[in-house]
Amino acid sequence: TENEKSHFRSTIEKWNTRDNGVSVVGYYRTSLPGRIQLGEDDLALIEDCFREPTNVFLVVGMASDNGPTGGFFFWDAGSVFAEATYMPFPLDERLLAVPV
């Protein structure tokens with residue numbers, strides 16, 4: 001709703017104007033039934049609240065039978081490619097662990 005959007009924008013502005021070195025750099029959400037892509041609502045929110053080229057957006061879904069998968073979206077040459085993430089990754093600490 002417009003009221004929720006207004007509250008969301010003001011919350012982001014409060015965090016970004018604090019003098020504590022913390023700022024909002026993006027957002028994440030889950031996706032059902034699991035498609036890892038941005039929708040029209042996402043793009044409208046990004047255009048409204050996240051215009052910095054350093055902002056990122058994470059979508060988590062069940063894109064495969066192997067468990068949850070994440071994908072980042074970001075600004076590139078003035079737009080955000082919403083159809084699919086460039087590099088989906090498993091949200092499984094065992095699969096993401098770096099051998100030492």
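## A tour of the predicted chain

Colour the chain by pLDDT, the predictor's confidence in each residue on a scale from 0 to 100: among the elements, helix α3 (residues 93–96) has the lowest mean, 79, and β4 the highest, 94. Over the chain the average pLDDT is 86, and 97% of the residues score at least 70. Where pLDDT is low, the predicted coordinates should not be read in detail.

This is a predicted model, in which local features need pLDDT of at least 70 and side-chain atom pairs count only at pLDDT 80 or more, while totals for chains, interfaces and linings use all residues. Residues are numbered from 1 along each chain as its sequence is written, and side-chain values use heavy atoms, with hydrogens and water left out.

**The whole chain.** Switch to a cartoon view, where three helices and five strands appear (DSSP runs numbered from the N terminus, helices being H or I of at least four residues and strands E of at least two). Read from the N terminus, the order of the elements is α-β-α-β-β-β-β-α. The C-alpha atoms fill a box of roughly 40 × 35 × 30 Å along the principal axes. Of the 100 residues, 26% are buried, where buried means under 20% relative accessible area, exposed over 50% and partly exposed in between, with a 1.4 Å probe and protein chains only.

**The core.** Select Y27, L38, I46, F50, F57, F73 and V80, which have the most contacts inside the largest nonpolar core, a group of 13 residues. Such a core is a set of buried Ala, Val, Leu, Ile, Met, Phe, Trp, Tyr and Cys residues joined through side-chain atoms within 4.5 Å. At least two of the core residues come from each of α2 (40–49), β2 (56–64) and β3 (67–76). Now centre on I46: leaving aside neighbours within four places in sequence, I46 is in contact with Y27, L38, R51, F57, W75 and V80, contact meaning heavy atoms within 4.5 Å.

**T85 and the cavity.** Move next to T85, in the loop between β4 (79–80) and β5 (89–90). T85 counts as buried because its relative accessibility is 13%. A polar atom of the T85 side chain lies 2.9 Å from the backbone oxygen of F72. Beyond its neighbours within four places in sequence, T85 is in contact with I36, G71, F72 and F73.

T85 also belongs to the lining of the largest cavity, together with F72, F73, F74, F81, A84 and Y86. On a 1 Å grid over the protein atoms alone, a cavity is a set of points where a 1.4 Å probe fits but cannot get out, and lining residues have an atom within 4 Å of a point. The volume of the largest cavity is about 30 Å³.

**Outlying stops.** Select A77, in the loop between β3 and β4, and check its backbone: A77 has a positive phi of about 55° although it is not a glycine. A77 is exposed, because its relative accessible area is 80%.

Continue to G39, in the loop between β1 (26–31) and α2, which counts as partly exposed at 27% relative accessibility. A distance drawn between the C-alpha atoms of G39 and W15, which are 24 residues apart along the chain, reads 26 Å.

Finish on K5, in helix α1 (residues 2–17), which is partly exposed with a relative accessible area of 41%. From K5 to G67, 62 residues apart in sequence, the C-alpha to C-alpha separation is 31 Å.

Note on methods:
A polar contact is a pair of N or O atoms within 3.5 Å; within protein, one must be able to donate a hydrogen and the other to accept it, and residues adjacent in sequence count only if both atoms are side-chain atoms. On a 1 Å grid over the protein atoms alone, a cavity is a set of points where a 1.4 Å probe fits but cannot get out, and a pocket is an open set with protein on both sides within 12 Å along at least five of seven lines; lining residues have an atom within 4 Å of a point. Grid points are joined across faces, edges and corners, and a volume is the space filled by probe spheres set on the points.
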